[in-house]
Amino acid sequence: MTYGFTRSKNAFTLRLSAEEAQAVGLVVAQVAGLIQAGDRRGVMSLDLGPSSLGRAEPLGRDPFDVGGRVPREAGDVFDDFDAPEPDDGESDPVLARLFPDGYRDDPEAAAELRSLTESSLREQKIGNASVILDDLPFEGGEIRLEPERAEAWLLALNDARLMLGTALEIEAETDPLAELEAAAGADPTGARVLGLSLYQFLTGLQASLVDAIDPE
């Protein structure tokens, strides 16, 4: 790995270009916007599956108005994704990944647990996303994290990967690099190539932070 976090004494440092910082900020802001809106009718589509034709329009509220520090220009990278379809009557698959049922075989118990925990979990996830958005140098530069902020980064990066992975239809047995090569062969400038590249980048960032926190 040629990029990622390194440990310096009791802090963790990372250097990002402006483009990298804006890309991370865009995805993290999408996660926060999705959680705040409750479904994808309020944010841009992340329809990046193999059948995606690649168009997107921001709907309703501004998905970049999270923390107020993500440059609007960052939205340009998602300009070619599909517009979202309202998902009436069924849970959003991305939200289902972010907030999985506590009891898969007992819907009643799962609903009761969700009613007790989901509100605080939503606040926690949005708070973690806000930490990243506060720390990102959108003009490019170095980030230095104390341990408590590093934990928030780790959790928010994981949520960002879950969101992108679900949108990209990445399963446990999927080889993301092979998917990226196949997508690049079919359409080198397509939306799926961009989404898979972002997924790989976030995966590398998360792995480097895990290694920096616990090098053993």
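## Helix 4 against helix 6

In this predicted model, the axes of helix 4 (residues 147-167) and helix 6 (residues 191-213) approach to within 9 Å and cross at roughly 155°. Because angles over 145 degrees count as roughly antiparallel, helix 4 and helix 6 are described as roughly antiparallel to each other. The crossing in which helix 4 passes helix 6 is left-handed.

On the helix 4 side, the residues that meet helix 6 are Ala150, Trp153, Leu154, Leu157, Asn158, Ala160, Arg161, Leu164 and Gly165. They face Gly195, Leu198, Tyr199, Leu202, Thr203, Leu205, Gln206, Leu209, Val210 and Ile213 of helix 6. Sorted by character, the residues of this contact comprise 13 nonpolar, five polar and one charged.

## The sheet and its contact with helix 4

The model also contains an open sheet of three strands, arranged in the order 1-2-3 with antiparallel pairing. Its edge strands, each of which pairs on one side only, are strand 1 (6-8) and strand 3 (141-145). From one strand to the next, the twist averages 35°.

Strand 1 and strand 2 (residues 11-16) run antiparallel and are joined by three bridges; in one of the pairings between residues, arginine 7 has phenylalanine 12, in strand 2, as its bridge partner. Helix 4, already described through its contact with helix 6, packs on this sheet as well, where it touches strand 2 and strand 3, and its direction makes about 110° with that of strand 3.

## Asparagine 128 in helix 3

Is asparagine 128, a residue of helix 3 (residues 107-135), buried or exposed? Its relative accessibility is 11%, and because buried means under 20% relative accessible area, asparagine 128 counts as buried. When its neighbours within four places in sequence are left aside, asparagine 128 is in contact with Ala152, Leu155 and Ala156.

## The chain as a whole

The secondary structure of the protein chain amounts to six helices and three strands, and these follow one another along the sequence in the pattern β-β-α-α-α-β-α-α-α. Of the 216 residues in the protein chain, 47% count as buried. Considering contacts between residues at least 6 apart in sequence, 76% join residues that are at least 24 apart.

Conventions:
Residues numbered from 1 in each chain as written. Predicted model: local features only at pLDDT ≥ 70, side-chain atom pairs only at ≥ 80, totals over all residues. Heavy atoms only, no water. Axes fitted to C-alpha atoms, helices over the stretch in contact; angles between N-to-C directions. Helix = DSSP H or I, 4+ residues; strand = E, 2+ residues; numbered from the N terminus. Parallel < 35°, antiparallel > 145°, perpendicular 65-115°, else oblique. Left-handed = near helix turned anticlockwise from the far one by under 90°. Contact = heavy atoms within 4.5 Å. Nonpolar A, V, L, I, M, F, W, Y, C, P; charged D, E, K, R; others polar. Pairing = 2+ DSSP bridges. Buried < 20%, exposed > 50% of the residue type's maximum accessible area, 1.4 Å probe, protein only.
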